[in-house]
Amino acid sequence: MQRLSNFIGGEFSPPIEGRYLEKRDPATGEVIAFVPASGAQDVEAAVAAAQQAFPQWAAVPAEERFSLLMRVAELLEARSEELALAESRDTGKPLWLARQVDIPRAIRNFRFFAAAVLHWSSEAYPAQALHYTIRQPLGVVACIAPWNLPLYLLTWKVAPALAAGNCVVAKPSELTPTTATMLAQIIQQAGFPAGVFNVVHGEGSVAGAALVAHPAVRAISFTGGTHTGREIARIAAPLFKKLTLELGGKNPTIIFTDSPFEQAVAEAVRAAFSNQGEICLCGSRILVQRPLYERFRQEFVQRARTLRVGDPLDPSTQQGALISEAHLQRVLSYVELARQEGGIVLCGGEQIRLEGRCRNGYFFAPTVIEELGPKCRVNQEEIFGPVVTLLPFDEEEEAIAIANGTPYGLAASVWTENLARAHRVAGALQAGIVWINCWMVRDLRTPFGGMKQSGLGREGGWEAFYFFTEPKSVTVAL
Ligand code: NAD
């Protein structure tokens, strides 16, 4: 049984009050680790260590920061199999998915922002006077990550924060603590000065809340639920902290009659059920133009039915376990609600009981529901599981109205071969990210984030550097 530690001031340490949380493997239901249930004192120690390290770290030349970040990427790569296994065990996702997506992306995050730091420059405005801008690191910043893509999303924050010269206190999800601990080992091994990177484990409402409220934390980069984002904003706003909030979604996949059918169905299935539907970008509302509706429904449901739900360690598994028993019950409650709201469950809708090693795991059948109006709760609230709805539409305007008719605005995927329509719809959608004839094709240089209740601010590319620095304008009389 693993007993995880915090990482504070360059050292692994137990939580000051000695309290731990049980961490279960979602595929087996067994306790596999104990996670520090850190409190305000641990947060205080981590912030103090980061504050102490900051002046020296901020002065480290860009070339040296580049080398350290590249070294982290190399060490992550060297341990990628071990990391993938840990990620699969913590989340319940298929091991092959962690190997193909989570860990390679964490490595890319470090390489990408290492390279960026060498190209980071600022502006000068020579005129009657010389005006120029310097962008300085903020100091101590908090990076708070969720459980669905643990290392992928944590490194997406940590790499640019460090590259820009900040010191970090990271708070991974208490449900997926292992790879953050391994990242701390790697950062230590890479030779980062003590205190530049710290990890405090624990519950969001205790450790997370203490970190958000700490007066010396200048910025908070948060990814998680909309509800939590609202609470963080409430605490941070009066303290004038910088904030990026990457929150929930209820993303539409819009299929027009002239879409490339084969590809559209295959990608709509992938968008719906990747990572058991536990990705903020998953397309959970599938809007299909009426002449294509019957054909699409038949094909989509048939494919959803044949997705293989199984042991995450089995290479043939397509759908792993949901993150927890509580989450499984929540997903189930939405299927019940759908029935009450008049929905028809076309496939799935229930827990799956496997045999052998995974007999107590939290598995759920890929679920497709139709006959629900766009305004019912199941079509308005984020479920964050393998549950999607099908909605027919007639005209383009109607599709746009349905797509935009939720409090969320994270991502959308549009399928059509009509070029003018593709651009028109992309322009009209209230979403931070729009994919045309594809889903989840990412370039790390593009701004990433959501509109409305899907978030505030953007990550990625220079946006991340802008967030993690404070601009200062200097004017010299000539
Ligand atoms: P969550 O909001 O419950 O937790 C996220 C993190 O915040 C965890 O580390 C948690 O411990 C911490 N936390 C909880 N309460 C806190 C508080 N009061 N103060 C400070 N920290 C606190 O979210 P989750 O269940 O881990 O993740 C699922 C959610 O994340 C979904 O809504 C999903 O859409 C969203 N998400 C969004 C994106 C995006 O990029 N927009 C990406 C992935 C996941």
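Where does the ligand lie with respect to domain 1 (2-247 + 454-477) and domain 2 (251-443)? Because both domains, whose bounds come from an automatic or database domain assignment, give residues to the shell around the ligand, the ligand lies between them. This is a predicted model, in which local features need pLDDT of at least 70 and side-chain atom pairs count only at pLDDT 80 or more, while totals for chains, interfaces and linings use all residues. Residues are numbered from 1 along each chain as its sequence is written, and side-chain values use heavy atoms, with hydrogens and water left out.

The shell around the ligand (residues with a heavy atom within 4 Å of it) holds 29 residues, of which K171, E174, T228, L247 and E382 come nearest. Sorted by class, this shell has 15 nonpolar, 9 polar and 5 charged residues, where Ala, Val, Leu, Ile, Met, Phe, Trp, Tyr, Cys and Pro count as nonpolar, Asp, Glu, Lys and Arg as charged, and the others, Gly among them, as polar.

Oxygen atoms of the ligand pair with polar atoms of the protein, and such a polar contact is a pair of N or O atoms within 3.5 Å. A polar side-chain atom of E382 lies 2.5 Å from a ligand oxygen, an N or O atom in the side chain of T228 is 2.6 Å from a ligand oxygen, and for G225 a polar backbone atom is 2.9 Å from one. Of the 850 Å² of accessible area that the ligand has on its own, the protein covers 87%, as computed by the Shrake-Rupley method with a 1.4 Å probe.

Methods: Polar contact = N/O pair within 3.5 Å; in protein donor to acceptor, adjacent residues only side chain to side chain.
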